[in-house]
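Work through the following exercises with the sequence and the model at hand. Each task is followed by a solution in steps.

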Amino acid sequence: MSIPVVDFGAYSLSEKHVSDEQLQDLSQELKAAFTEMGFVFLKNTGITEEEVDRVMDVSKKFFLQPDEVKQEFSRNTFAGCPNHGWVSLETERLNPRRPGDLKESFNTSSLDPDIRWPSSDTVSGFREIHMSFFQHCKELSLRVMRVMAHSLGLDPEVFVSEHQFIGTNMNGTTLRCLYYPPVNTERVKEGQVRCGEHSDYGSITLLFQSSEGLQVRTRSDEFICAPLIPGTVLVNIADLMQRWTSDRFVSVLHRVLLPLAGDSSTRQSLAFFAQPDDKAVITCCDGSDKYPPVLSGEYLIERFKDSYGQP
Ligand SMILES: O=C(O)CCC(=O)C(=O)O
Ligand SMILES: [Fe+2]
């Protein structure tokens with residue numbers, strides 16, 4: 001079993017319209033991938049490798065600064081957007097049964113003009129680069145969700161219409177730049193990994209990686225390595241979308257283990273977590289009661305409590 005690759009060229013960000021026939025073809029391919037694997041590589045999305053490199057470069061410059069500098073932008077210090085900002089090493093536990101993940105993150109969840117951004121010469125361009133990438137990821141996510149709805153025979157806007165407030169404090173969608181520093185094997189705690197086993201929380205996630213390392217659990221309960229396919233975006237179904245689609249689309253476990261002993265390389269990834277608006281009530285789209293209705297914003301807060309510990 002491997003993660004399928006789908007050509008998204010017909011509905012890339014540079015295309016204004018997609019023909020019915022092309023939409024039909026794309027729908028079938030995405031539906032197969034999201035039903036069976038929960039993950040798909042998209043190529044020709046309109047988000048370029050150059051743009052991804054720019055975001056990774058400037059965010060790495062941010063991460064390489066001393067913690068005192070990064071602390072100024074700590075998560076939980078931005079009024080009205082609790083998930084925005086820097087998360088230090090070992091703070092988050094995506095698998096709460098393991099010690100803290102060996103990663104740092106910079107979370108962007110607000111594009112409010114008044115939000116504070118890192119702006120020193122060291123990280124010149126940080127704000128513009130992040131804002132522009134966030135917008136492109138948002139556009140691509142909405143396109144993917146339109147195709148997903150179509151593939152299930154639903155109104156193509158059914159998911160998109162619950163994502164109206166992305167980038168504001170009424171929606172938890174977050175772009176996370178993740179940085180996995182070199183691992184000091186002697187200091188690693190028992191069971192500690194770079195990113196513990198978890199499934200994502202919201203609608204869908206777009207993932208861009210600098211190197212291999214991600215593992216994805218298949219239907220036969222084994223973890224397989226996601227390859228690195230330059231120029232592609234890895235898209236996966238998250239938990240609210242699985243509920244929304246009454247398990248038609250599957251949200252599967254994934255993780256990043258430690259590099260092999262002696263490998264002191266770093267790893268970077270960019271994850272765009274699309275999340276429905278806080279006030280969206282997620283109910284099974286087939287009219288069934290497989291899952292009770294849940295409020296998107298409240299659901300997200302509960303999930304953060306598990307991964308960051310009770311406040
Ligand atoms: O870094 C990666 O490749 C995966 C990160 C991830 O799955 C997450 O942050 O939810
Ligand atoms: Fe994830």
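**Exercise 1.** Compare the expected span of helix α1 (residues 20–36) with the distance between its end C-alpha atoms.

Solution. Helices here are DSSP runs of H or I with at least four residues, and strands are runs of E with at least two, numbered from the N terminus. The expected span is 1.5 Å times one less than the number of residues. For the 17 residues of α1 this gives 24 Å, and the end C-alpha atoms are 24 Å apart, so the two agree.

The model is predicted: local features need pLDDT of at least 70, side-chain atom pairs count only at pLDDT 80 or more, and totals for chains, interfaces and linings use all residues. Residues are numbered from 1 along each chain as its sequence is written, while chains are lettered from A and ligands numbered from 1 in the order in which they are written.

**Exercise 2.** Which residues of α1 are buried, and which are exposed on the other side?

Solution. Count the other C-beta atoms (placed from the backbone) within 10 Å of a residue's own: 20 or more means buried, 12 or fewer exposed, in between partly exposed. Leu26, Leu30, Ala33 and Phe34 of α1 are buried. They cover an arc (of the directions from the helix axis to the C-beta atoms) of only 90°, which puts them on the same side of α1. Asp20 and Glu21 are exposed on the other side.

**Exercise 3.** Which residue of β9 is the bridge partner of arginine 217?

Solution. Strands pair if DSSP finds at least two bridges between them. Strand β8 (residues 214–217) pairs with β9 in the antiparallel sense over 3 bridges. The partner of arginine 217 in β9 is phenylalanine 223.
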